[in-house]
Amino acid sequence: PGLRFLALPLAYAFHAGLGLFFLCRAEGLPLRQLATRLAPGAHGRSLAWGVAFLGLAVTAVVAVALLSGPLLRPSQSPQRELVELVTSLGGLKTMLPVVFTLAILAPCFEETMFRGCLLPWLGKRIGWAWALVASSLCFGAMHLQPAGLPTLSTLGFVLGLAFLRTRNLLTSILVHGLWNGAVFALLRVILA
């Protein structure tokens, strides 16, 4: 029980590691070459674009949440699992591994899978507009929160736009990491 706070980070690290291993095998590349392919060139400009796309993400997700909110029952909170996690955390020792997982590990892995691999793969087969929509819906569905599908898919759409604009995965990783970190911090403040 004293190590329960490590369950999420360790489980996510295991799954992300396994996913990256299979991805590298499928692509026939070592992890370093895959990372270079997904985040080419100078990163300063790509990261600066991240700030603009974070503003777009906030605006778009809030708009979709306001539009879809009346359609949801009160018991269908899209952030129920996160709220339970945040309220169960005690001090800094238990919070840091969870924040690391939510703000760094998850964005790196999820962006590699959805914007780095799925979006380009679909784009070559069904066109970039449809690929953006499909990968966004897959991203939303992957979170297994039916009530959160509209907002999570909207976030996925903006993350896809960020990647397509810069062709550098660091842009969408930055936006995703800042988003997750801000949601966690906001919930921590509200629920404290």
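Buried means under 20% relative accessible area and exposed means over 50%, with partly exposed in between. The views below are of a predicted model.

**View 1. A salt bridge between helices α1 and α2 joins E27 and R37**. R37 has a relative accessibility of 40%, so R37 counts as partly exposed. E27, at 35%, is partly exposed because that value also falls in the middle range. The two side chains meet at 2.8 Å, N to O. E27 belongs to helix α1 and R37 to helix α2 (residues 31-38), so the contact ties together parts that are 10 residues apart in sequence. The whole structure holds 2 salt bridges.

**View 2. A salt bridge within helix α5 joins E111 and R115**. The distance between the side chains is 2.8 Å, N to O. E111 and R115 are 4 residues apart in helix α5, about one turn of the helix. An α-helix has 3.6 residues a turn, so residues three or four places apart point the same way. E111 counts as buried because its relative accessibility is 0%. R115 is likewise buried, at 0%.

**View 3. The rings of F114 and F139 form an edge-to-face pair, and R115 sits over the ring of F139**. The ring centres of F114 and F139 are 5.6 Å apart and the planes are at 85°, so the pair is edge-to-face. F114 is in helix α5 and F139 in helix α6 (residues 128-142); the pair links distant parts of the chain, 25 residues apart. F139 has a relative accessible area of 0% and is buried. F114 is buried as well, at 11%. The charged end of R115 is 4.5 Å from the centre of the F139 ring. R115 also takes part in the salt bridge with E111.

**View 4. Y12 and F109 pair across helices α1 and α5**. The planes of the two rings are at 85° and their centres 6.2 Å apart, so this pair is edge-to-face. Y12 lies in helix α1 (residues 7-27) and F109 in helix α5 (residues 92-126), 97 residues apart in the chain. F109 counts as buried because its relative accessibility is 16%, below the 20% cut-off. The structure holds 4 aromatic pairs, including Y12 with F109 and F114 with F139.

**View 5. R167 lies over the face of W128**. The distance from R167 to the ring centre of W128 is 4.9 Å.

**View 6. Helix α8 covers residues 169-191**. At 1.5 Å a residue, its 23 residues should span 33 Å, and the end C-alpha atoms are 33 Å apart, so the two values agree. At the start of α8, a side-chain oxygen of N168 comes within 2.9 Å of the backbone nitrogen of L170. Buried residues of the helix include L169, T171, S172 and I173. Further along α8, W179, N180, F184 and L187 are among those buried.

**View 7. Prediction confidence along the protein chain**. The mean pLDDT of the chain is 87, and 91% of its residues reach 70 or more. Confidence is lowest in helix α4 (residues 80-88), with a mean of 67. Helix α6 has the highest confidence, at 97; F139, the partner of F114, belongs to this helix.

Methods. Residues numbered from 1 in each chain as written. Predicted model: local features only at pLDDT ≥ 70, side-chain atom pairs only at ≥ 80, totals over all residues. Heavy atoms only, no water. Phe/Tyr/Trp six-rings, centres within 6.5 Å; stacked < 30°, edge-to-face > 60°. Helix = DSSP H or I, 4+ residues; strand = E, 2+ residues; numbered from the N terminus. Buried < 20%, exposed > 50% of the residue type's maximum accessible area, 1.4 Å probe, protein only. Lys NZ or Arg CZ within 6 Å of the ring centre and 35° of its normal. Expected span 1.5 Å × (residues − 1). Polar contact = N/O pair within 3.5 Å; in protein donor to acceptor, adjacent residues only side chain to side chain. pLDDT = per-residue confidence, 0-100. Salt bridge = Lys/Arg side-chain N within 4 Å of Asp/Glu carboxyl O.
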